[in-house]
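Biologist: I should like to discuss the aromatic side chains of this protein. Please take me through the ring pairs one at a time.

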Amino acid sequence: MDILSNLLIPIVNLDLLMLIAVGTFAGIYVGAIPGLSVTMAVSILISFTFSWEVYPALALMIGIYMGGVYGGSRTAILLNIPGAPSAIATALDGFPMAQQGRAGEAIGIVTVVSFIGGFIGIFALGAFAPLLSDFAIGFQPRDFMLLAIMGILLVGSLSGDSLVKGIFAGALGIGVGAVGMDPLTIQDRFVFGISELRGGISFVAVMIGLFGVSEALIQLHSIHTPAVRQKITGIIPSWSKVRRHLPLGLQTSTIGTVVGALPGTGGDIAALMAYDHAKRVTRNPETPFGKGAIEGLVAPESANNAAVGGAFIPMLTLGIPGDAVTAIMIGALFIHGLNPGPMLMIEQPDMFWFIVSSLALANVFMLIFGLTGIRLFVRIVELPRTVLLPVIMVLSIVGAYAVNNSLTDVYWMLGFGVLGYFMRLYGYPLAPIILGVILSRLLDDNWRRAIISEREDFGAMMMGIFTSPLSLCLFLAVVMILVTNTPWWARRRARKA
């Protein structure tokens with residue numbers, strides 16, 4: 001009975017319900033603007049809400065978090081500019097659908113699968129939080145290293161027709177991610193005496209440049225081509241379409257929940273792993289991946305929204321943030337005199353169930369707000385290119401500058417935009433660069449932690465991998481992914497087909 005009464009707190013209290021709705025609505029549009037991240041919005045909110053009661057403050061933050069993760073898909077589909085890192089994989093098939101006049105269909109299916117994935121993550125939070133937290137806390141540095149290697153091997157799914165070009169792009173991304181001051185040794189890496197490089201290269205500037213600016217430059221080749229008319233019918237997907245893709249959505253939502261529950265990972269890695277999984281298990285997609293496959297939307301969007309619930313699991317049960325936003329929320333709980341961790345569910349179970357209920361309500365509002373306003377949004381794609389391209393450039397400049405209020409980030413964004421333009425001209429994929437930047441620090445830090453923990457004995461570290469069931473499973477998964485990316489495996493599959 002106590003659980004039910006705590007779950008009903010944000011439902012029966014109209015003020016809390018309104019705050020969740022407002023937060024979700026604002027989060028969708030904050031997430032849709034490149035550079036205006038959910039992390040930034042939630043951190044700004046702390047300064048406004050520190051004098052509030054804890055329930056209203058959390059209700060608003062949770063709404064913005066849930067809405068913002070979904071909102072990043074809007075510009076990824078319409079303009080090929082991911083509003084958030086977790087929407088990078090969405091752009092791979094979402095933007096081709098918009099070019100085919102199917103932007104409304106793409107946003108509709110993304111909204112529904114995001115809703116489904118969000119609820120699976122929230123259900124896992126409410127039902128399995130202690131179990132999943134024990135699993136997550138069992139990860140050693142070597143396990144995070146293996147997880148990062150698994151992510152690096154995803155270049156096979158993101159490389160298009162040329163694995164060699166994909167490996168080159170991924171290696172370039174790892175190099176870009178390594179630029180700056182080494183946090184462990186306080187030594188400069190790839191700085192070349194330039195003080196501006198000591199803080200590293202902004203990931204957001206790289207992402208916006210590669211996807212936004214390069215897209216504007218590519219479209220200059222066809223600036224006088226009439227815009228594709230978008231089909232406004234069929235925005236809400238039929239039940240038969242949802243049912244056809246539901247098994248894949250359930251699989252990738254599970255991936256998103258588990259990856260989201262691992263401290264320091266988040267929805268961006270979950271989305272890329274889910275996209276790779278979709279390419280492996282989908283035998284005969286109606287449209288090839290990278291050309292507008294619906295499965296290429298279902299997988300990343302269900303995973304990154306499921307990762308929201310997953311990210312709260314280590315935060316509430318262990319006091320360890322699952323991602324950047326939950327790290328800020330831990331700070332908010334401390335400000336309000338709460339101590340997230342193992343004792344929270346025992347001493348203040350009402351707070352735990354309030355967060356679960358607020359996430360569920362935000363998920364419902366995300367579905368409502370996501371399916372309304374699509375007709376207005378898709379008109380963006382129908383703008384003449386002489387209007388649309390300056391809009392893309394303005395959004396890119398504002399987004400790059402807004403992260404650190406730095407003109408240096410704008411210069412990096414423009415530089416990577418030009419680089420992305422030439423890479424696209426010569427058939428090099430851009431997504432592996434982003435993947436490399438994302439995973440560079442995770443791989444680097446955990447490789448060194450793993451080897452240091454074994455007193456720099458590589459043999460002892462490998463022995464630890466083979467004697468730990470979790471590490472061994474991850475190692476076997478790495479080997480399997482490596483084998484399935486070889487030409488021999490492709491020929492074998494072709495013979496079987």
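**Aromatic ring pairs**

Modeller: In this predicted model, the count by the ring-centre rule, which sets a limit of 6.5 Å, comes to 13 aromatic pairs.

Biologist: How are the rings of F365 and F369 arranged: stacked, tilted or edge-to-face?

Modeller: The ring centres of F365 and F369 are 5.9 Å apart, and their planes meet at 15°. Planes under 30 degrees apart fall into one class, so the pair of F365 and F369 is stacked.

Biologist: Which helix holds F365 and F369, and what is their separation along it?

Modeller: The two residues belong to helix 17 (residues 349–371). Because F365 and F369 are four residues apart there, their separation is about one helical turn.

Biologist: How is the pair of W412 and F416 classed?

Modeller: The centres of the W412 and F416 rings lie 5.9 Å apart, with 40° between the planes. That angle is neither under 30 nor over 60 degrees, so the pair of W412 and F416 is tilted.

Biologist: Is F416 buried or exposed?

Modeller: F416 shares helix 20 (residues 407–425) with W412. W412 has a relative accessible area of 26% and is partly exposed. For F416 the relative accessibility is 8%; the cut-off for burial is under 20%, so F416 is buried.

Biologist: Which residues form a cluster with F365 and F369 through ring pairs?

Modeller: F365 is itself buried, at 16% relative accessible area. Ring pairs join F365 and F369 in a cluster with F25 and Y29.

Key
Residues are numbered from 1 along each chain as its sequence is written. This is a predicted model: local features need pLDDT of at least 70, side-chain atom pairs count only at pLDDT 80 or more; totals for chains, interfaces and linings use all residues. Side-chain values use heavy atoms; hydrogens and water are left out. Rings of Phe, Tyr and Trp (its six-membered ring) pair if their centres lie within 6.5 Å; planes under 30 degrees apart count as stacked, over 60 as edge-to-face and the rest as tilted. Buried means under 20% relative accessible area, exposed over 50%, partly exposed in between (1.4 Å probe, protein chains only).
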